[in-house]
Amino acid sequence: MEQYAIKGGNPLVGEVEIGGAKNAALPIIAASVMTDETVYIDNVPDVRDTNVLLKSMQDLGVMVSRQNRHRYTVNAANIHSLIVDDDNIRKIRASYYLIGALLGKYKKAEVALPGGCNIGSRGIDQHLKGFRALGAEVEIKHGLIRASAEKLVGSHIYMDIVSVGATINVMMAATLAEGTTIIENAAKEPHVVDLANFLNSMGANIKGAGTDVIRIKGVQKLHGTDYAIIPDQIEAGTFMFAAAITKGDVTVKNVIPKHLESISAKLLEIGCEVEESDDAVRVVSSKPLRHTHVKTLPYPGFPTDMQPQIAVALALSQGTSIVTESIFDNRFKYVDELTRMGANIKVEGNTAIIDGVAKYTGAGIAAPDLRAGAALVMACLAAEGYSTVEEIQYIERGYEDFCMKLQSLGAQIEKVNSEREFQKFKLKIG
Ligand code: UD1
């Protein structure tokens, strides 16, 4: 199995280009089936999750053609099946966006229950509640979510919790419902706004995305569009923290600094310098890192998808820090791996109490999930000596060219397939 071989100790220095946002691309790709006209989507990240979703759509009869690495045309005029079920689609959580999209357009959908990262139980009750409020019958049978409706009718929906996925799914279905839907307590994440902008560019009438209340006036049909996906907030944040952790100087380019504010604020708090320009942010880490407290929250709060990365930085800072995870219930699985590298972290429920140490030491570790996997790679890059990281398929679900981008910043990291290749890497690096 492929692993990363890493020799730590080099500060990451240089510029890195950030790709399109995975979590915006997934709903936008799914929503492209909502018109019979051709849709052009640009800035699609070339990662496993987007590729699996595009492939599953092809199996339904959707014409997908790749114009270049990041630009696709999608035409769903000849869909011949509304059943989405294959082994791969079960592995990606965003497969359930096809329910909202297909239910909106065809008033019927059957989609395998989602998988995705194993970061705790991930309910879908709010999605189902939203579809039912629009008039759909929904049942879960044989591992499939089945939704159908004679017609969808706009409704006033109050979400019991702030859910990115449920907001997106209900927004898609409501776009082609009769009348007006109001989603209260909606998620405000940049990718929710990006999907609303995409749908509006296809003729939808969605207002208020990015606030707690989204108003969707149903339209009869949508038309084609040419749309570029926003930059990935979490990929950018990951490289910003990579600078902090390795005592480096990294400029993330092609970003929307506004989306990175909660991340920049924490980096400033722990003693990094952060310089923003129109579409780039530079992070310099030249002083010892300071401890802080952080709690993950829905946007604009500190993102749960950045929790492992900040914990890896705090575990190298002076003093005691507290990290509280308020979104998912099992997101500290990486702590055991980090402890093996010398970190001093105690987890109690949804809180990690971190006593900073002076350094990590390299070890053989495994990525438990996407974001924690990336965070552990950064720990290895800061660590004394050599490390290997297994289960890198998790990381590649969501980071395009992760290894190459790190190499371009001076990281000593390579993909290896065997112990022999690891030994060769060691000999080469010296
Ligand atoms: C999305 C992101 C993920 C990110 C998360 C929070 C994608 C593909 N994934 O996941 O990277 O970590 O937002 O920013 O965009 N919940 C319920 N019932 C529901 C829906 C959610 O109980 O019907 C709970 C979940 O179990 C979780 C919390 O609500 O504890 C937040 O989930 P949600 O915002 O829906 O996250 P995802 O859309 O799954």
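In this predicted model, 22 residues surround the ligand, counting a residue when one of its heavy atoms lies within 4 Å. The closest are D125, Q126, S163, D305 and I327. Residues are numbered from 1 along each chain as its sequence is written. Local features need pLDDT of at least 70, side-chain atom pairs count only at pLDDT 80 or more, totals for chains, interfaces and linings use all residues, and side-chain values use heavy atoms, leaving out hydrogens and water.

Three polar contacts (pairs of N or O atoms within 3.5 Å) help to picture the site. The side chain of D125 places an N or O atom 2.7 Å from a nitrogen atom of the ligand. For D305, an N or O atom of the side chain is 2.5 Å from a ligand oxygen atom, whereas I327 uses a backbone N or O atom, 2.6 Å from an oxygen atom of the ligand. The protein covers 87% of the 740 Å² of accessible area (Shrake-Rupley method, 1.4 Å probe) that the ligand has on its own.

The shell around the ligand comprises eight nonpolar, nine polar and five charged residues, with Asp, Glu, Lys and Arg counted as charged, Ala, Val, Leu, Ile, Met, Phe, Trp, Tyr, Cys and Pro as nonpolar, and the others, Gly among them, as polar. Among helices (DSSP runs of H or I, at least four residues), α4 (125–133) and α5 (164–175) each supply at least two shell residues; α4 gives the most, with three. Because domain 1 (3–19 + 231–429) and domain 2 (22–228) both contribute residues to this shell, the ligand lies between them; the domain bounds come from an automatic or database assignment.

Terms used: A polar contact is a pair of N or O atoms within 3.5 Å; within protein, one must be able to donate a hydrogen and the other to accept it, and residues adjacent in sequence count only if both atoms are side-chain atoms.
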